[in-house]
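User: I have a model open and want to go through its side-chain contacts. Can you take me through them?

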Amino acid sequence: MYCPRCATQNIDNASFCRSCGANLSLVPQALSGRLPEDQSDKVERAIEAMKRRREPNLGRGIRRASVGFAFLLIVAALFFARSPIGFRGIWLLIPAFLLLGKGIADIVTAISTEHAARQIPMPQATLRTNELPPHPIYDPAAPPSVTENTTRHLETDPQQSRERT
């Protein structure tokens with residue numbers, strides 16, 4: 001294949017020209033009359049796959065936790081068998097605890113997400129600044145405020161304050 005920029009001969013499956021460094025990956029497609037593959041479909045599929053991996057999944061959590069537990073059993077078997085590999089097999093505790101922890105986290109997240117989806121959402125009433133809520137926010141059996149009846153001495157007429165008491 002010849003480079004369209006500098007006319008240097010390159011091998012047929014070269015991606016770049018060995019002389020000038022031009023991109024040769026589109027030359028075979030241009031010669032065959034075929035357009036390059038649309039990359040947006042691949043990107044969308046990759047994004048969807050990433051979203052599926054991040055969604056909480058009970059099956060994946062159980063699988064990870066069981067593999068982590070299997071690693072723990074292997075380490076315990078090597079340790080109690082008193083084999084020469086037993087103390088070197090202690091490094092297997094790292095993937096054991098990682099997988100066990102991730103598995104338990106996936107299980108808890110999946111169960112809590114499922115539980116939250118089952119609950120009926122409560123409608124939120126929007127209040128303006130000059131409106132009071134329709135029901136008392138505080139417990140009516142709660143003691144009165146500390147600041148209640150503290151402004152009595154600010155009244156202009158001392159007779160009114162005596163009548164209240």
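Analyst: One term to begin with: buried means under 20% relative accessible area, exposed means over 50%, and partly exposed is in between, using a 1.4 Å probe and protein chains only. This is a predicted model, in which local features need pLDDT of at least 70 and side-chain atom pairs count only at pLDDT 80 or more, while totals for chains, interfaces and linings use all residues. Residues are numbered from 1 along each chain as its sequence is written, and side-chain values use heavy atoms, with hydrogens and water left out.

User: Which residues of α3 are buried?

Analyst: Arg60, Gly61, Ala65, Gly68 and Val75. Helices here are DSSP runs (H or I, at least four residues; strands are E, at least two), numbered from the N terminus.

User: What does Arg60 pair with?

Analyst: Arginine 60 forms a salt bridge with aspartate 106, and their closest N and O atoms are 3.5 Å apart. A salt bridge here is a side-chain nitrogen of Lys or Arg within 4 Å of a carboxyl oxygen of Asp or Glu. The pair links distant parts of the chain, 46 residues apart: arginine 60 is in helix α3 (residues 58-80) and aspartate 106 in helix α4 (residues 93-118).

User: Arginine 60 and aspartate 106: buried or exposed?

Analyst: Both are buried. Aspartate 106 counts as buried because its relative accessibility is 13%.

User: What about arginine 64?

Analyst: Arginine 64 also forms a salt bridge with aspartate 106, with the closest N and O atoms 3.0 Å apart. That pair again joins helix α3 to helix α4, with the two positions 42 residues apart in numbering. Arginine 64 has a relative accessible area of 29%, so it is partly exposed.

User: How many salt bridges does the structure hold?

Analyst: Three. The remaining pair is arginine 118 with glutamate 114, where the closest N and O atoms are 2.4 Å apart. Both lie in helix α4, four residues apart, about one turn of the helix. An α-helix has 3.6 residues a turn, so residues three or four places apart point the same way. Arginine 118 is exposed at 63% relative accessible area, and glutamate 114 is partly exposed at 42%.

User: Which residues do shared partners join into one network?

Analyst: Arg60, Arg64 and Asp106.

User: Switching to cysteines. How many disulfides are there?

Analyst: Zero, where a disulfide is a pair of cysteine sulfur atoms within 2.5 Å.

User: Why is there no bond from cysteine 3?

Analyst: Because the closest cysteine sulfur, in cysteine 20, is 3.6 Å from the sulfur of cysteine 3, too far for a bond. Cysteine 3 is buried at 3% relative accessible area, whereas cysteine 20 is partly exposed at 30%.

User: Back to α3. What span should its 23 residues have?

Analyst: They should span 33 Å, and the end C-alpha atoms are 33 Å apart, which agrees. The expected span is 1.5 Å times one less than the number of residues.

User: What caps its N-terminal end?

Analyst: Asparagine 57 does, with a side-chain oxygen 3.1 Å from the backbone nitrogen of glycine 59. After α3 comes arginine 82, with a positive phi near 55°.

User: Where is alanine 7 found?

Analyst: In the segment before α1 (27-32). The phi of alanine 7 is near 65°, a positive value in a residue other than glycine. Alanine 7 counts as exposed because its relative accessibility is 55%.

Conventions
Polar contact = N/O pair within 3.5 Å; in protein donor to acceptor, adjacent residues only side chain to side chain.
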